[in-house]
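Subject: The structure I promised you

Hi,

Here is the structure we talked about, so open it up and keep it on screen while you read. My notes on what turned up are just below.

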Amino acid sequence: MPVSAAASAREILVRLHDVMAARSNAQAKLNQVVEIIGEALDSEVCSIYLLREGVLELFATRGLDASAVHVTKLALGEGLVGTIASDVEVLNLDEAASHPHFAYRPETGEERFQSFAGVPIIRRERAVGVLSVQHTEARKYADVEIEALQTVAMVLSELIANAGLIDEATGPGGDRPQSTASVRIAGQKLVDGMAAGYAVFHQPRITIEHTVAEDTEAERHRVYAAFDKMREQIERMTREAEFGVGGEHDEVLATYKMFAYDEGWARRINEAIDSGLTAEAAIERVQQRTRQRMRQIDDPLLADRMHDLEDLANRLLRIVSGQMGTAAQLGLRRDTILIARNLGPAELLEYDRRRLKGVILEEGSLTAHVTIVARAMGVPVLGRVRDVRRLIADGDLLLLDVNEGTVVVRPSPAMEEAFDSKLALRQKRRAAYAALREVAPETTDGHRVKVMVNAGLRDDVAALDLTGADGIGLFRTEFQFLVSATLPSRERQQRLYREVLDAAGERPVVFRTIDIGGDKALPYLKDNPADEENPAMGWRALRLGLEREGLMKVQARALLEAGAGRTLNVMFPMVSEAWEFDEARALFEAQREWLLNRGRRLPADIRYGAMLEVPSLAYQLDLLLPKLQFISVGTNDLTQFLFAADRANPKLADRYDWLSTSILRFLASVVEPVRAAGVTLTICGEMGGRPLEAMALIGLGIERLSITPAAVGPIKAMIRSLDRSAVMAEMRRLLATPPRDFRGALAAFAAAQGVELG
């Protein structure tokens with residue numbers, strides 16, 4: 001195809017404008033459209049398929065047999081056209097028949113055409129049809145041709161919607177759910193908490209009515225003005241955000257603001273306007289590309305960055321269209337559970353915190369910026385909730401229980417009563433646990449257990465005073481890297497570590513060096529490892545740190561200078577063999593010498609430790625224990641490695657129990673040699689934060705737990721009701737002759753002994 005056809009998008013749109021303005025019927029217009037596109041792209045075939053009654057129907061064609069129009073039909077996912085519609089993705093094939101989803105339809109006469117390219121026709125974020133081109137020669141269509149097809153498909157969505165040719169009623173969320181009965185929906189726990197309130201959708205749907213520009217320069221000026229207004233809004237919100245002083249949420253908002261000023265994003269919108277689109281259509285066109293990229297991204301961190309960009313695009317679209325009324329601008333009139341596909345951090349900040357009781361997201365993740373900001377605001381968030389627009393209507397009463405990972409829609413009176421009782425009990429228990437803040441976690445037979453907290457954000461350190469914990473047993477330093485748009489400088493790292501130590505005071509803090517890589521890739525690090533089939537067991541944590549010495553040296557210096565005059569506890573993650581610990585410790589010691597030679601103040605004492613989460617390390621304890629001061633068992637990773645069970649796989653999530661013979665015997669085998677060596681042993685991870693599991697750990701002789709702040713109260717209450725000698729004797733008995741139901745046996749013991757399990 002000649003390069004002149006690259007400018008075809010604008011040429012096609014000019015011609016389509018005349019077609020759309022004509023008085024002819026919709027079918028006649030579609031017949032003209034395929035001729036215009038085929039001519040402009042010098043393509044022998046151009047076809048339009050539209051979604052009708054759940055199937056894709058051939059509506060117009062140039063080049064295929066005309067008798068196939070309204071006869072050839074494909075289900076979603078069937079053939080190349082069905083695949084494009086179901087995946088909402090582009091296909092560009094030089095040999096169409098070689099694709100595994102190729103389906104030959106003899107009535108079309110398409111067997112002589114080898115190349116194929118198709119793009120989805122998108123309306124309201126779903127595919128309502130497919131625009132495709134074909135050619136007899138085996139060649140891939142150029143990127144610029146695909147771009148032209150996508151732009152034209154956007155204009156087509158307006159034409160076919162105005163003509164009533166698509167199934168609007170089956171779009172994502174019609175205005176009302178299909179049923180008014182009570183329903184319970186599951187999701188992912190993002191920010192714990194319980195809340196009742198009425199459903200409010202964050203964003204009224206903006207439908208773009210006009211896609212083809214009359215005056216390109218006028219559209220460009222509209223976009224420039226919208227950018228100025230959006231940036232002004234972002235600046236104001238970041239100034240007025242009400243948090244405690246300093247926190248990772250500040251870095252989140254700084255990153256978000258960086259996107260608002262991104263010139264590359266503005267340039268892409270300008271290019272879309274150059275192709276002949278209106279300002280609204282150009283923003284939506286770029287947003288469609290972002291969504292398509294998001295569907296291809298496995299890295300959750302990079303996907304979160306893309307969510308921020310989409311959030312800004314939504315804001316820009318509302319400004320340029322004059323449809324500014326988000327639920328935040330309209331104001332919340334009563335207790336509200338906010339519903340959104342996703343939210344940017346600034347958008348959450350616009351809401352009245354007195355009325356905003358909870359958030360439900362169709363997407364969302366634990367590392368998403370909105371999650372970090374919501375945690376700082378104290379707003380419970382449930383993510384990954386599917387079909388919300390189909391199941392929930394605006395104004396429905398919702399009972400949100402993130403602790404259970406569910407939301408109840410339109411509850412019955414009995415459900416409301418049960419929820420209120422649970423909420424009252426939760427508040428009563430929280431008050432009781434708060435009363436234990438100053439009380440030591442000591443068993444009934446006088447044995448003191450150390451209860452520490454896990455942290456990763458500067459604000460998490462406040463949990464020490466709120467819970468009365470003994471210290472921070474695990475500070476995940478990678479969180480600072482995950483919420484940052486660029487690699488944190490040594491000065492920024494040092495400032496964070498010093499602030500954490502200052503806030504902790506005399507209480508110990510164990511800093512784990514960065515655990516990145518694998519499923520926690522950082523997009524700003526060049527030469528990230530290629531996609532891995534098993535990222536949890538891949539090139540991550542200490543493996544990556546030892547390879548990227550520069551990264552680890554910077555962190556070492558930051559930690560050493562932050563710990564000046566104090567005891568510094570440094571722990572290395574995912575140690576698989578003793579020599580890995582040796583190399584990591586040697587790297588830190590070399591940096592200590594480097595700083596010493598330059599007259600810098602250093603820690604009064606450095607204690608080194610390792611995470612035991614890879615089972616192989618248990619067989620090298622005799623080599624490792626003489627070299628370190630403490631060891632922490634990471635039960636989350638240990639479980640998945642011990643059972644070869646990916647903890648992110650929902651089918652395996654509940655299959656392997658922490659209270660299983662294998663795990664408990666493994667832990668028992670570690671306790672004795674560690675104690676004999678005089679090394680401190682801590683359990684980190686969710687296992688230690690559950691009362692029954694924590695009781696079993698104490699029965700194994702474990703004396704230190706590092707858990708989530710929310711679990712400190714329940715664990716303290718359990719410890720203070722426990723006879724340590726009795727549970728140790730029971731664990732010896734059970735491990736010698738394991739019962740089929742280990743959990744049930746321990747629960748029966750706890751009930752008989754009057755152990756407080758919450």
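One bit of vocabulary before anything else: helices (H or I, at least four residues) and strands (E, at least two) are DSSP runs, and they are numbered from the N terminus. Also keep in mind that this is a predicted model.

With those labels you can find Arg384, which sits in the loop between β12 (381–383) and α13 (388–391). What is odd about its backbone? Phi of Arg384 is near 55 degrees, a positive value in a residue that isn't glycine. Arg384 is partly exposed, its relative accessible area being 38%.

Val88 is another non-glycine residue with a positive phi, about 50 degrees here. Look for Val88 in the loop between α3 (79–87) and β4 (91–93). Is Val88 buried or exposed? Val88 is buried, with a relative accessible area of 12%.

Now for the rings. A pair of aromatic rings is described by how far apart the centres are and by the angle of the planes. Rings count as a pair if their centres lie within 6.5 Å, and by this rule there are 6 aromatic pairs. One of them joins Phe572 and Phe588, with 5.6 Å from centre to centre and 65 degrees between the planes, which makes the pair edge-to-face. Phe572 is in strand β18 (residues 567–572) and Phe588 is in helix α20 (residues 578–597), so this pair links distant parts of the chain, 16 residues apart. Both Phe572 and Phe588 are buried.

Phe572 has a second partner, Tyr608. Why is this pair called stacked? The ring centres of Phe572 and Tyr608 are 6.2 Å apart and the planes are at 15 degrees, so the pair is stacked; the cut-off for that is planes under 30 degrees apart. Because Phe572 lies in strand β18 and Tyr608 in strand β19 (residues 605–612), the pair ties together parts that are 36 residues apart in sequence. Tyr608 is buried, just as Phe572 is.

Put the ring pairs together and you get a cluster: Phe572, Phe581, Phe588 and Tyr608 are linked by them.

Last, have a look at two spots where a charge meets a ring. The charged end of Arg139 sits over the ring of Tyr141, 4.3 Å from the ring centre. Over the ring of Trp594 you'll find the charged end of Arg557, 3.8 Å from the centre of that ring.

Have fun clicking around!

Cheers

Key:
Residues are numbered from 1 along each chain as its sequence is written. This is a predicted model: local features need pLDDT of at least 70, side-chain atom pairs count only at pLDDT 80 or more; totals for chains, interfaces and linings use all residues. Side-chain values use heavy atoms; hydrogens and water are left out. Rings of Phe, Tyr and Trp (its six-membered ring) pair if their centres lie within 6.5 Å; planes under 30 degrees apart count as stacked, over 60 as edge-to-face and the rest as tilted. Buried means under 20% relative accessible area, exposed over 50%, partly exposed in between (1.4 Å probe, protein chains only). A charge sits over a ring if NZ of Lys or CZ of Arg is within 6 Å of the ring centre and within 35 degrees of the ring normal.
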